[in-house]
Amino acid sequence: MINPVILKELIMEATALNPAIKKRSLVVTDDELVELLGDHKAGDNILLIAVLPTYGGSGEEDQASIISYMQFFLLEKVDYKSLKNNDEYLNVFERTLAAAVDFLTQMFTATGRTCLADVLQYDYQIRPVSRKAQCNGYEIQIDSKAFTDNY
């Protein structure tokens, strides 16, 4: 189970060497996400937003594990009137996908985490996001058994 403080540290670590990501934020609800995107300026592109994780359990009694369901958005604010053609629209997705792949690589190779080798497992999905509060890019869902932070 990854706690919010560790998640914030991991995000900073995973984006430190990615100059494309200019702003980072952590939210709890979809309302907070939409409000943040409404305040987002095009000069702050690309924006990385992490949503506080949800948690679930899996396995049998003697082999139970906790899964952290983490969600991230890598988005650019877009002025649709300034887009001259469909290629410019697709370029937004190309830039944000490159940032998303770099972010994922850094997340999966981050060191100094309290991970056990036998449960170091990740499943992930990358989904396009279009026109969410005038922003486009990608949503990343990471399901992980890797973090063993105890409370």
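Let me begin with one pair of residues, Ile126 and Ile140, which are bridge partners, with Ile140 sitting in β5. What you have in front of you is a predicted model, and I will work outwards from that strand, β5, to the rest of the chain.

The neighbouring pair tells a similar story, since Arg127 has Glu139 of β5 as its bridge partner, and on the β3 side Phe73 is also bridged to Glu139. Taken as whole strands, β4 and β5, the latter covering residues 135-144, pair in the antiparallel sense over nine bridges, while β3 and β5 also run antiparallel and are joined by 10 bridges. The link between β4 and β5 is a hairpin with two residues between the strands, and in that turn Ala133 has a positive phi of about 55 degrees.

If we step back to the sheet, we find five strands in an open arrangement with mixed pairing, in the order β1-β2-β3-β5-β4. Because β1 (23-27) and β4 (122-132) each have a single partner strand, they stand at the edges, and one side of each is left without a neighbour in the sheet. From one strand to the next, the twist averages 20 degrees. For the chain as a whole, there are three helices and five strands, and they follow one another along the sequence in the pattern α-β-α-β-β-α-β-β.

Now to the interior, where I would first ask which residues of the largest nonpolar core touch the most other members. That core has 20 residues, and the ones with the most such contacts are Leu48, Phe72, Leu74, Phe103, Met107, Ile140 and Ile142. At least two residues of this core come from each of α1 (4-15), β2 (47-58), β3 (65-77), α3 (86-109) and β5. Apart from it lies another core, of 11 residues, including Leu36, Leu37, Ile49 and Cys135. Phe72 is a useful residue to select on the screen, as its contacts, not counting residues up to four places away in sequence, include Leu7, Leu48, Phe103, Met107, Ile140 and Ile142. As for β5 itself, the strand is mostly covered, with nine of its 10 residues buried.

Let me turn to α3, whose 24 residues should span 34 Å at 1.5 Å a residue; the C-alpha atoms at its ends are 35 Å apart, which agrees. At the start of this helix, a side-chain oxygen of Asn85 comes to within 3.0 Å of the backbone nitrogen of Asp87. The buried residues of α3 include Val92, Phe93, Ala99, Phe103 and Met107, and the elements that cover the buried residues of this helix include α1, β2, β3, β4 and β5.

One polar residue deserves a closer look, namely Asn18, which lies in the loop between α1 and β1. Is Asn18 buried or exposed? Its relative accessibility is 8%, and since the cut-off for buried is under 20%, Asn18 counts as buried. The side chain of Asn18 makes a polar contact, at 3.0 Å, with the side chain of Asp102, and, leaving aside residues up to four places away in sequence, Asn18 touches Ala99, Asp102 and Phe103.

I will finish with two figures for the whole chain. Of its 151 residues, 38% count as buried, and among contacts between residues at least 6 apart in sequence, 67% join residues at least 24 apart.

Conventions. Residues are numbered from 1 along each chain as its sequence is written. This is a predicted model: local features need pLDDT of at least 70, side-chain atom pairs count only at pLDDT 80 or more; totals for chains, interfaces and linings use all residues. Side-chain values use heavy atoms; hydrogens and water are left out. Two strands pair if DSSP finds at least two bridges between them. Helices (H or I, at least four residues) and strands (E, at least two) are DSSP runs, numbered from the N terminus. Axes are lines fitted to C-alpha atoms, for helices over the stretch in contact, and angles run from 0 to 180 degrees between N-to-C directions. A nonpolar core is a set of buried Ala, Val, Leu, Ile, Met, Phe, Trp, Tyr and Cys residues joined through side-chain atoms within 4.5 Å. Buried means under 20% relative accessible area, exposed over 50%, partly exposed in between (1.4 Å probe, protein chains only). Contact means heavy atoms within 4.5 Å. A polar contact is a pair of N or O atoms within 3.5 Å; within protein, one must be able to donate a hydrogen and the other to accept it, and residues adjacent in sequence count only if both atoms are side-chain atoms. The expected span of a helix is 1.5 Å times one less than its number of residues.
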